[in-house]
Each structure stands twice: as C-alpha cells, then as structure tokens.
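Q: Could you take a close look at one part of this structure for me? Start with a single residue and its surroundings, then move on to the side-chain pairs.

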Amino acid sequence: MQKNSAFSAEQYDKLHQVIAEYRDMPGPLMPVMQKAQEIFGYLPIEVQNEIADGLGIPMTDVYGVATFYSQFTLEPRGQHTIGICMGTACYVKNAALVLEALKKNLGVEVGKTTEDGLFTLDATRCLGCCGLAPVITIDETVYGRMTPDEVPGILAKYKA
C-alpha cells in the first residue's frame with residue numbers, strides 16, 4: 001500500500017509496535033486508534049488501513065469508530081482549536097453571529113483547519129458556561145459574553 005509521504009517511516013514503525021502490543025488483547029481497536037492519533041496527529045485513511053490490516057479487522061470497523069467518536073479526527077488539526085458553543089443559551093444570545101465572524105476572520109468552515117495550520121474551528125454543544133453566553137474556547141481558555149467585534153482581537157493574540 002502507498003503510504004502518505006507526509007509521514008515518516010519512524011511514525012509507521014511506532015504504529016506497528018502499538019498494533020503488536022495490543023493485537024492479542026481484548027478490545028484493541030480503541031487504544032490502537034488513540035495511540036495512532038497521538039503518533040500521526042489525526043487518522044487519515046492510510047493509517048486506518050494499517051490499523052485494520054494489523055488487527056485483522058474490516059476497514060469499515062475502523063472507519064466506523066473513527067467517525068462515531070468525536071475524539072478522533074480524519075483531518076489534520078490546527079495548533080489551536082477554537083470551539084464555539086451552539087447550545088441553547090449561547091444560540092439565543094447570538095452565537096451564530098460570533099460563528100460567522102470566526103468563519104470570516106479565519107477563512108474556514110466549521111470542522112476545517114486554516115491553511116497555515118494555526119486554527120481548527122469546531123461548533124460544540126453546551127460547554128456548561130451558560131451564564132457567560134455566548135462562549136468560545138481556544139484550547140483550554142474560555143471567552144464569555146462574546147460579540148462578533150471581539151473576534152479579530154482575540155485571534156490576534158494567538159497569531160502573534
């Protein structure tokens with residue numbers, strides 16, 4: 001199989017070691033996928049195929065798990081992850097306008113990563129900060145009572 005040239009032989013060797021470590025244990029798929037995502041940063045189709053082949057399971061099982069659980073991503077992630085809460089409290093306080101400002105300033109759609117690899121934009125469910133609605137998170141930092149006008153200034157901190 002053609003391997004992604006963006007990845008090193010060392011990364012594939014690490015993956016094969018992980019597969020060998022978990023292959024004979026019960027329920028190896030989730031831990032192998034978690035380790036694979038740590039190694040590669042995401043789970044491209046080539047890596048999913050390696051996992052399926054290595055564990056002797058159908059590719060559809062690997063893909064099904066990768067697309068079902070939100071902890072897995074099929075695309076490269078940015079250096080910073082931006083989450084905008086679209087839960088009820090945030091939504092009624094104009095989270096959609098903040099989301100539009102984020103999309104415009106970043107030049108990406110939800111679920112995508114900026115071309116420079118700096119940001120990934122995600123829409124989330126309730127973050128439990130309803131009193132601060134609307135809320136965004138950048139990595140582990142919470143920004144509350146957001147307005148569209150505040151977006152460029154906050155993003156500038158992370159671009160610097």
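A: Thr137 sits in strand E3, which spans residues 136-138. Keep in mind that this is a predicted model. With a relative accessibility of 15%, Thr137 falls under the 20% cut-off and so counts as buried. What does Thr137 touch, leaving aside residues up to four places away in sequence? The list is Thr81, Ile82, Gly83, Leu127 and Val142. As for His80, that residue is 57 residues away from Thr137 along the chain, and the two C-alpha atoms are 9.8 Å apart.

On to the charged pairs. There are five salt bridges in the count, and one of them joins the side chains of Arg77 and Asp122, with N to O at 2.5 Å. Arg77 is in the loop between H4 and E1, while Asp122 belongs to strand E2 (residues 119-124), so this bridge ties together parts 45 residues apart in sequence. The two partners sit in unlike settings: Arg77 is partly exposed at 32% relative accessible area, and Asp122 is buried at 18%.

That loop between helix H4 (59-68) and strand E1 (80-85) also holds Leu74. Leu74 is partly exposed, at 31% relative accessibility, and together with Ile45 and Tyr63 makes a nonpolar surface patch of about 260 Å².

Back to salt bridges: Glu100, Lys103 and Glu109 are linked in a network of them. Glu100 pairs with Lys103, their closest N and O atoms being 3.2 Å apart. Both are in helix H6 (residues 95-106), three residues apart, or about one turn of the helix. Lys103 also meets Glu109, at 3.3 Å from N to O. Lys103 is buried, at 17% relative accessible area, whereas Glu100 is partly exposed at 44% and Glu109 is partly exposed at 48%.

Now for the rings. The structure has five aromatic pairs. Phe7 and Tyr12 make one that is edge-to-face, because their planes stand at 80 degrees, with the ring centres 6.4 Å apart. Phe7 also pairs with Tyr42, this time tilted, at 5.9 Å between centres and 50 degrees between planes. That pair connects distant parts of the chain, 35 residues apart: Phe7 comes in the segment before helix H1 (9-22), and Tyr42 in the loop between helix H2 (29-40) and helix H3 (45-55). Both rings count as buried, Phe7 at 12% relative accessibility and Tyr42 at 13%. Put Phe40 into the picture too, and ring pairs link Phe7, Tyr12, Phe40 and Tyr42 into a cluster.

Terms used. Residues numbered from 1 in each chain as written. Predicted model: local features only at pLDDT ≥ 70, side-chain atom pairs only at ≥ 80, totals over all residues. Heavy atoms only, no water. Patch = residues over 30% accessible without salt bridge, like charges linked within 9 Å, V, L, I, M, F, W, Y side chains within 5 Å. Areas by Shrake-Rupley, 256 points an atom, 1.4 Å probe, with all protein chains shown as cover. Salt bridge = Lys/Arg side-chain N within 4 Å of Asp/Glu carboxyl O. Helix = DSSP H or I, 4+ residues; strand = E, 2+ residues; numbered from the N terminus. Buried < 20%, exposed > 50% of the residue type's maximum accessible area, 1.4 Å probe, protein only. Contact = heavy atoms within 4.5 Å. Phe/Tyr/Trp six-rings, centres within 6.5 Å; stacked < 30°, edge-to-face > 60°.
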